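The following exercises concern helix packing and burial. Please consult the sequence and the structure shown below while working through each solution.

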Amino acid sequence: MKRFLKHALCAVLILAVSSSMLLTGCGKKDSTTASDAGSAAASASTSPQAEESSRGNASKASQTDESRKETDASAAASKASSTEDTSEKATESTKTTESTKAAETAKAPDTTKAAETATAPSESHRQENWSDYSNESQGWGQGVNFNSKNQPEGSLSYQKKYDSYDAHFIGSDTDSKVIWLTLDEGYENGYTAEILDVLKEKNCQAVFFITGSYAKQNPDLIRRMIDEGHVVGNHSWSHPSKGMPSLSVEEQIEDITRLHDYVKEHYDYEMTLFRNPAGIFSERSLAVTRSLGYDSMFWSFAYADWDPDKQPDPEEALKKLTDRLHPGALYLLHAVSKTNTEILGDFIDQARSQGYEFKLP
């Protein structure tokens, strides 16, 4: 019995020890498993956070990059805009400056140019070698030989010879019934106002060649000539009796420009036509006149009408004027003539009745 109890006790002890070991082993295993599971759970639990954190960091980095890009783009755009604005402002400023200068130019008169014009009609005379031109004096008259058109042969010949000097011995249109009517005004003899009345009544324009004394003494008549559409021409300041070749080149320039400047200053009128006193000229005097910007106007018809004490008969004078009509006629009459004043209206009428028209050069 004792042996049986002893054996049973031993079995119980063995069983207890085995169970204890079993329980201990299971606890360790479970503990390890639990620890591993906890670690895995923790890992599983922290992985989304880490992933979210990683994503957040990535997102932040991305946002930072985008922000930088946007900032850079914004800065570039701002710089471009600023540059564009600056360019536009500079353009506007330039336009404004140019506009202002243009406005100032438009408002302000060109006094330098006006002064140069007032000083001399042209400056080309300073470049001329006057010794290249002959100063032999020549007197002008149309002569008594005429072609089939009733044109003076002398006028046609001299026109061809001196055309390069801007000289006119006959009108420019020698094929048409055109008349250039000119009147010389060496001095006033009391007829010019009546002559202007006739021209106004007939609606006819003419050229009046004046001297320096005439320009000073007859401002009302000259103003009327200009206002009524006539041309005022330069007949020299002093009207030298031996013609322009009797003066030196410097004296010729002074004589022409002095009257030019006076008329410009007192009448605001620019003269461009010159008539040689007494019809006397030379190649050199024609060159001087041309260099001053003037055309020299001679004539293809003139007759003895200049002496107030020896006036031609009006009827004979009118016949002479109408008989010598020709295409391109350049008529010279003297305004001191009583006869010319009396027949002028009839001459205009008869010339027009034959198909002629009066024009200005």
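**Exercise 1: Packing of α7 and α8**

Determine which residues of α7 meet which residues of α8, and how the two helices are arranged.

Step 1. On the α7 side, V249, Q252, I253 and I256 are in contact (heavy atoms within 4.5 Å) with R284, S285, V288 and T289 of α8. By class, this contact comprises four nonpolar, three polar and one charged residues. Here Ala, Val, Leu, Ile, Met, Phe, Trp, Tyr, Cys and Pro count as nonpolar, Asp, Glu, Lys and Arg as charged, and the others, Gly among them, as polar.

Step 2. Helix α7 spans residues 249-267 and helix α8 residues 283-291; their axes come within 10 Å and cross at roughly 45°. The helix α7 is therefore oblique to α8, given that angles under 35 degrees count as roughly parallel, over 145 as roughly antiparallel, 65 to 115 as roughly perpendicular and the rest as oblique.

Step 3. The model is predicted: local features need pLDDT of at least 70, side-chain atom pairs count only at pLDDT 80 or more, and totals for chains, interfaces and linings use all residues. Residues are numbered from 1 along each chain as its sequence is written, and side-chain values use heavy atoms, with hydrogens and water left out.

**Exercise 2: Packing of α4 and α10**

Describe the arrangement of α4 and α10 and identify the residues that meet.

Step 1. Helix α4 (residues 192-201) packs against helix α10 (residues 338-353) at an angle of about 15°, and their axes lie 9 Å apart. Consequently, α4 is roughly parallel to α10.

Step 2. From α4, E194, I195, V198 and L199 meet T341, L344, G345 and I348 of α10. This contact of α4 with α10 has five nonpolar, two polar and one charged residues.

**Exercise 3: The two faces of α4**

Establish which residues of α4 are buried, where they lie around the axis, and what covers them.

Step 1. The buried residues (under 20% relative accessible area, 1.4 Å probe, protein chains only) in α4 are T192, I195, L196, V198 and L199. These residues lie on the same side of α4, because they cover an arc of only 160° around the axis; the arc is that of the directions from the helix axis to the C-beta atoms.

Step 2. Turned away from the buried side is the face of α4 that carries K200 and E201, which are exposed (over 50% relative accessible area).

Step 3. The cover over the buried residues of α4 includes β3 (178-185), β4 (207-210), α5 (212-217), α6 (219-227) and α10.

Definitions and conventions
Axes are lines fitted to C-alpha atoms, for helices over the stretch in contact, and angles run from 0 to 180 degrees between N-to-C directions. Helices (H or I, at least four residues) and strands (E, at least two) are DSSP runs, numbered from the N terminus.
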